[in-house]
Amino acid sequence: TKSRLKIVKFLKNLFSTGQPLKMPTITISKSAILSNLKIDNITFEKKLFDFGIELEETITENNNEFYKLDVSANRFDLLCIEGIEKAFKYYLSNEEKEPFYNEEKIKVENSNLILEIDPAIYENKEISRPFVHCFILNDICISKIPSLIEYQEILHKNLGKNRKIMSMGLHDFSCLKFPLKYTIDKKEKITFSPLKIGSIKNEKISIQTCDQYLKKDKAFSKYITDENMTSYFIDSNNLIFSYPPVINCDETKLPSLDLIPVSAQNIKEKLPEKNIDDKKIDVFEKSAIKKTMNILVEITGTDRKAIEDTVCYLISNYCSKIVTQVNIKNNSDYNLQSVSNLLSGTTFILEIEKINQFLQTSLTRSQIIRCLNLMMHSQVENSITKKGNQITKENISINVHFARRDILGPVDIYEDVAIALTLSYFSKLKIEFNTIGQELFLSNIENKIRQEMAYMGYNEVVNLTLLSEKENSLYNSKEQSSDKNTSLIRLLNPKSTEYEVVRTGLLPGCLKFLKNNLHYPMPIKIFETGAVSFQTHGTTLSNAQCTTSLNEKLKLHTLSENTNNSNLMNQSRLIGVTAGLTDYMDDMLATINQLFYKLDIVLEIEDEKVFCYDRTVFVEKRHGVMIHPNLGHSDNKNEKYDTKSDGIILGQFGIVSPDILKAFGINIVVNVFEIDLEKIVKILSNRK
């Protein structure tokens with residue numbers, strides 16, 4: 001019951017802002033992570049997938065390569081390169097080749113340092129951030145400070161819900177004099193020197209004036225409140241060093257990036273000597289990396305768990321040896337766990353039988369322990385736990401690493417065992433169920449075509465089936481313009497002019513998609529499979545005009561301009577679009593040939609012919625049709641085909657006219673092909 005209550009509380013806090021939960025994205029240096037882990041890029045990228053981290057892309061900036069990673073929404077410990085490095089040192093360790101990665105235990109140093117909290121903080125509940133934690137990270141390498149500051153902002157955005165429930169300040173410990181005080185006062189009475197951001201001048205101003213400057217800055221305006229009172233931190237020298245959750249003072253700021261020499265060239269530029277020996281550069285480089293400092297961390301907020309989680313993440317990723325606890329006075333009603341208690345982790349007793357039953361495996365005790373070691377957990381050797389539970393051969397006592405704050409119960413540990421085993425360990429299960437249906441032949445063909453298009457480097461898109469009549473006017477085909485009985489399917493009361501008719505083709509939706517994604521690298525290759533619809537009056541549609549024998553005549557009760565009961569014709573189509581700065585006609589024809597080769601359908605190309613578009617849609621002499629010559633004539637005289645001599649026209653291709661592209665706001669070359677999948681299914685079903 002306690003575990004369930006914890007989960008309910010966690011979910012309540014998780015969605016308290018009403019914003020959709022997104023997977024956090026981080027960018028790390030490719031060369032740095034590979035050199036630190038001592039593995040090659042192929043192995044690392046494979047292990048990323050096994051670990052559950054998605055490699056979104058590899059980007060290049062200033063001749064340096066970076067990995068862009070999508071991390072699970074609850075793994076806040078992995079949102080910096082140090083966290084990724086630590087987790088993978090555990091995950092890549094091998095019992096046979098080398099011992100398990102043993103992390104050096106962090107020592108918690110008790111001190112006489114005091115942070116006093118003014119009781120007035122708890123009286124004003126509208127502006128107070130009653131939960132406060134404070135500690136000192138000792139011997140932090142100066143070269144890690146840019147990463148620490150970046151990690152601070154990531155935690156503010158994700159775990160802190162944009163500083164609403166948690167915010168932290170990082171300060172140079174040597175610039176402060178203890179004891180410290182966390183108090184409250186009127187904004188016009190509090191003067192300090194804020195960090196120089198935007199139009200703020202490097203001088204002492206009141207917090208009220210500071211707010212006026214920061215309201216003009218989009219990044220900080222959301223943290224400003226209209227209250228006259230606010231909380232702040234002050235030291236024994238009357239130095240106001242923090243105004244949470246908004247900004248810190250300038251006196252205690254950490255060294256900026258330009259003061260940290262990270263390469264030999266940077267060092268060479270900073271030194272006055274022109275002819276300097278490379279050995280001296282190495283000495284300077286090593287001294288810059290080894291130089292350390294002590295950082296005071298103060299964390300305030302309204303959520304107990306978010307603050308305690310932040311303490312664990314910072315210490316795990318950036319403190320290697322000693323962390324100093326700052327004693328907090330006068331917060332008996334809002335006590336947080338001390339650093340030593342947080343670093344002790346959580347202990348769970350797991351039954352081996354339940355783990356195997358949950359994962360449908362037959363793992364031994366030693367195999368389970370090995371899997372859990374890879375995921376940062378450790379076995380408790382004592383025969384009796386702190387709660388007095390006896391450890392037997394049938395169960396395992398596991399201590400969860402203090403940085404794994406995402407572990408809420410035994411099920412999370414079962415999941416870690418599965419991740420350590422990797423996906424290849426598990427076999428696909430055939431689920432038995434009763435059904436009287438089967439997959440439609442058309443759906444089967446569509447899925448295979450989608451797969452082939454993906455293999456050829458195309459990205460699938462799904463567009464809306466409703467368009468404006470102006471956008472749909474691209475489709476002035478001979479068939480539609482000559483047949484007075486065919487008309488558009490219109491909405492009786494459209495919500496806006498963008499959604500007036502049902503689409504009669506796939507090209508406008510793809511052009512609208514391109515318009516909104518022109519910032520992506522060229523060429524952009526997309527495809528879509530979907531239905532287009534027409535409305536006919538006074539005629540009976542044959543199977544060839546509808547969706548073949550699998551979906552013969554579709555009658556829907558819809559409202560239109562002319563009648564309340566209409567015959568509708570659905571066609572399933574495939575469209576492929578390649579957009580770039582040059583003509584990709586050869587690549588598009590190669591894609592068409594490869595697709596029909598996989599479908600085992602003979603294809604001929606006929607230039608300067610049209611199928612479902614008017615000629616004005618394409619560039620002159622840069623378009624044509626796809627013809628299947630094998631089927632000559634049908635025995636059914638009522639069936640109508642688009643034919644050229646003894647063949648069936650399956651689709652059309654070409655380069656879209658600049659006039660059409662201009663109407664959609666596109667200024668690059670767009671190649672397109674569109675295929676009628678109904679006719680492909682007809683050919684394959686007749687052959688079958």
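1. A good place to start is Phe-433, which is exposed at a relative accessible area of 62%. This is a predicted model, and in it Phe-433 sits in the loop that runs between helix 15 (410-421) and helix 16 (441-455). Together with Leu-429 and Ile-431, Phe-433 makes up a nonpolar patch on the surface, and the three share about 400 Å² of accessible area.

2. Next, have a look at helix 20, which covers residues 585-599. Its 15 residues reach 21 Å from the first C-alpha to the last, close to the 21 Å expected at 1.5 Å a residue. Which residues of helix 20 are buried? They are Met-585, Met-588, Thr-591, Ile-592, Leu-595, Phe-596 and Leu-599. These residues lie on the same side of helix 20, because they cover an arc of only 120 degrees around the axis. As a reminder, an α-helix has 3.6 residues a turn, so residues three or four places apart point the same way. Asp-586 and Tyr-597 are exposed on the other side of helix 20. Just after the helix comes Asp-600, with a positive phi near 60 degrees.

3. Now for the charged pairs: the model has 22 salt bridges. One of them joins Asp-50 to Lys-46, with the closest N and O atoms 3.3 Å apart. Both belong to helix 3 (residues 41-51), and because they are 4 residues apart, about one helical turn separates them. Asp-50 is buried at 14% relative accessibility, whereas Lys-46 is exposed at 53%.

4. Helix 4 (residues 81-91) holds another pair, Glu-85 and Lys-89, 4 residues apart and thus separated by about one helical turn. Their side chains meet in a salt bridge at 3.1 Å, N to O. Here Glu-85 counts as buried, at 17% relative accessibility, and Lys-89 as partly exposed, at 28%.

5. What about Arg-490 and Glu-469? Their side chains form a salt bridge at 2.8 Å, N to O. Arg-490 is in the loop between strand 20 (486-487) and strand 21 (501-502), while Glu-469 is in helix 17 (residues 469-472), so this pair ties together parts that are 21 residues apart in sequence. Arg-490 is partly exposed at 21% relative accessible area, and Glu-469 is partly exposed at 33%.

6. Do not miss the network of salt bridges that links Arg-75, Asp-77, Arg-404, Asp-406 and Asp-416.

7. Finally, the cysteines. The disulfide count is 0. Cys-80 is buried, with a relative accessible area of 5%, and Cys-210 is buried at 0%.

Conventions
Residues numbered from 1 in each chain as written. Predicted model: local features only at pLDDT ≥ 70, side-chain atom pairs only at ≥ 80, totals over all residues. Heavy atoms only, no water. Patch = residues over 30% accessible without salt bridge, like charges linked within 9 Å, V, L, I, M, F, W, Y side chains within 5 Å. Areas by Shrake-Rupley, 256 points an atom, 1.4 Å probe, with all protein chains shown as cover. Salt bridge = Lys/Arg side-chain N within 4 Å of Asp/Glu carboxyl O. Helix = DSSP H or I, 4+ residues; strand = E, 2+ residues; numbered from the N terminus. Buried < 20%, exposed > 50% of the residue type's maximum accessible area, 1.4 Å probe, protein only. Disulfide = S-S within 2.5 Å. Expected span 1.5 Å × (residues − 1). Arc of directions from axis to C-beta.
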